[in-house]
Amino acid sequence: MAPENSKGQYPPSDEYRETAFIKSAEEFNTLYEESIRDPAAYWAEQAENLDWYSKDWKEVFTWDKKENRFTWFKGGKLNASYNCLDRHVKNGKKNVAAIIFQGENDDHVRVYTYGRLLYEVERFANVLKSMGVKKGDRVSVYLPMIPELTITMLACARIGAVHSVVFAAFGAESLYNRVVDCTPKVIVTSDGNYHAGKTINMKAKVDEILEKGTTIEHVVVVRRTGIETDMKEGRDVWWHEEVAAVPLNCDPVPMDAEDPLFILYTSGTTGKPKGLLHTTGGYLLGAYTSFRNVFNYRPGQIFWCTADIGWITGHTSTVYGPLALGATALMFEGVPTYPGRDRYWQVAEKWGVDIFYTAPTAIRTIRQSGDEWVKKHDLSSLKMLASAGEPIDPDVWRWYHRVIGGGRCPISDTWWQTETGGPMIAPMTGAFDLKPGSAMKPLLGIQAAIYDEEKNICAPGESGNLYIESPPPSFARTIWNDHKKFVETYWTAFPGHYLTGDNARMDEDGDYWLLGRIDDVISVAGHRLGAAEIEAALISHPAVAEAAAVPMFDDIKGEAIYAYVTVKDGFNGTEELKRQLVDHVRTTVGPIATPKVIHFAPGLPKTRSGKIMRRILRKVAEGCRKEEIGDTTTLTDPGIVDTLIATRML
């Protein structure tokens, strides 16, 4: 990559540009105008990159704007597992590495070629069939970052079952909420998992939720750690025993493009987590196309996305995107700081990683440790860097470019959501001079716009609400069992436009800058957590009468959780209670939801209708003075603001 130019931008090198999917701004602009002039024609052309049993769709795209129901390629038949495995095996990639698994222990390594991965997927698909799982049934997946996670997902896709992956670090209560909502027949888990040198019992959490009553009939357990595990006869079975007892071959089931592929839960501002439903044809096409366009992947390269598969980034950028393209993806079980603060770079050097994709939080953590941890390793194999999950600060971007990328690797700052299925805005790194901190351009076929509260297009430099103008193929179709909520959450604010919930601005060059969330979702290390879920955990503690959670700035995680707690009569806000509450949230929701601050408050700022004024709570958490808080006249007790400021924990 060329050095920083006089505008503070970073041009791609001529060598990199030549290998890029799109090689110039002129080429991109021409393709982009064509793609949004007739999106249906553009996506129909892209659909030729997938293998279809039939293309019997009457219309490429339909959209009932009144009901907010849309379809892509309805009537076309394909199978996601076939597209990720069989077709590559048939096309000469049987012995090409599909997944390289690197465990937390450096000796725990498994390499799955496309041929071996297909073999394992077919066997486990037959296990699911033997348990009565059929097309449309749900399968919950509660596994650490081990190959069996990918195998389970593709096995479900192969037989038409709908997988629902739950992040392995979530606690029993969060797992239960997601399982109860999607009513699975089977759950796949492991005896335990390794995390920063510790062994965590995962099966015990599954046992805990099953005691409450669920629809689960079978529990398949992967033996990962060897810890003692309770197994209930007739319900619980070992993975390795089951796959050894079934036939080896399992033909893929032809699926309609609009048949469900998976449900993935994302936290909202109120109530229970939302189960976003993604469909087979549109999602897979979006995963394939965005992976190809954004990362400029070339055969033989090793692509490493550090995101857990329990999140959409892992679904799309470790499983479906790379495998649909026939790429080699590195799957990593560990954390960036164990056993040393150079773990990422030790792994990148060991495997000769070409493309590295992580969250700004991880980059901040690594930067805080000092450059020497990076410089211990040869990272000359890296050709491109990328980030996702939250906006990346320009200073962090420059450090990432200079220290990790050696000043030569372009960086793609991608913006997307669980709801979108794949990246919507990202720099075309071979086409444009890159701007640190900017996600830059909507991708081909994606129409984005920024509007103010009156639904006027924002002028360059003005911030406003980011919308997507019409749903591309990869978009979620609904919230599982709650289409009304899907419409109210995303499509009601500005009918005919998808509300992203993010604040953004556009500069004079038409490049997008993401500014953060406009709702009450807290983005901790790129993981979206609903304030309601954290508050529910706090309130479930016997000492807590009321609670509110808001984001606060964190120089490592981007945002952290600042929790206000009002205790019940007879309890005191002690340091011991703080420790109890932190542990309680960690157990109930998961370590990712650990509050950074517990602020004991005699009350919360409420309007006369009883609504908590979160705007005020955020201002207090940010350290604002009284005169910076804004209007408090609508509060039942305006004096509570003075109390909160006087007692805040900064």
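In this predicted model, seven strands make up an open sheet with mixed pairing, in the order β6-β5-β18-β17-β19-β20-β21. The edge positions are taken by β6 (109-113) and β21 (411-413); each has a single partner strand, so one side of each is left without a neighbour in the sheet. On average, neighbouring strands of this sheet are turned by 15° against each other, direction ignored.

Within the sheet, strand β19 (residues 355-358) and strand β20 (residues 384-387) run parallel and are joined by four bridges. Opposite Thr-358 stands Ser-387 in β20.

Helices also lie on the sheet. Helix α5 (residues 114-130) lies across β5 (97-102) and β6, and runs at about 90° to β6. Helix α10 packs on the sheet as well, where it touches β17 (302-305), β19, β20 and β21. The direction of α10 makes about 125° with that of β20.

Helix α10 (residues 280-295) also packs with helix α11 (residues 312-325). Their axes are 8 Å apart and the packing angle is about 80°, which makes α10 roughly perpendicular to α11. On the α10 side, the residues in contact are Tyr-283, Leu-284, Ala-287, Tyr-288, Phe-291 and Arg-292. On the α11 side, they include Ile-312, His-315, Tyr-320 and Leu-325. By class, this contact of α10 with α11 has ten nonpolar, three polar and one charged residues.

The structure also contains four cavities of 30 Å³ or more. The table sets out two of them.

| Cavity | Volume | Lining by class |
|---|---|---|
| Largest | about 110 Å³ | eight nonpolar, six polar and no charged residues |
| Second largest | about 40 Å³ | seven nonpolar, one polar and one charged residues |

The largest cavity is lined by 14 residues, and the closest to its centre are Trp-43, Gly-286, Ser-290, Pro-423 and Leu-443. Two elements, α3 (39-46) and α10, give two or more residues to this lining. Of the elements, α10 gives the most to the lining of the largest cavity, with four residues. Helix α10 thus appears in three settings: on the sheet, against α11 and in the lining of the largest cavity.

The second largest cavity is lined by Val-165, Val-166, Phe-167, Phe-170, Arg-178, Leu-264, Tyr-265, Gly-310 and Trp-311.

Technical notes: Residues are numbered from 1 along each chain as its sequence is written. This is a predicted model: local features need pLDDT of at least 70, side-chain atom pairs count only at pLDDT 80 or more; totals for chains, interfaces and linings use all residues. Side-chain values use heavy atoms; hydrogens and water are left out. Axes are lines fitted to C-alpha atoms, for helices over the stretch in contact, and angles run from 0 to 180 degrees between N-to-C directions. Angles under 35 degrees count as roughly parallel, over 145 as roughly antiparallel, 65 to 115 as roughly perpendicular and the rest as oblique. Contact means heavy atoms within 4.5 Å. Ala, Val, Leu, Ile, Met, Phe, Trp, Tyr, Cys and Pro count as nonpolar, Asp, Glu, Lys and Arg as charged, and the others, Gly among them, as polar. On a 1 Å grid over the protein atoms alone, a cavity is a set of points where a 1.4 Å probe fits but cannot get out, and a pocket is an open set with protein on both sides within 12 Å along at least five of seven lines; lining residues have an atom within 4 Å of a point. Grid points are joined across faces, edges and corners, and a volume is the space filled by probe spheres set on the points. Two strands pair if DSSP finds at least two bridges between them.
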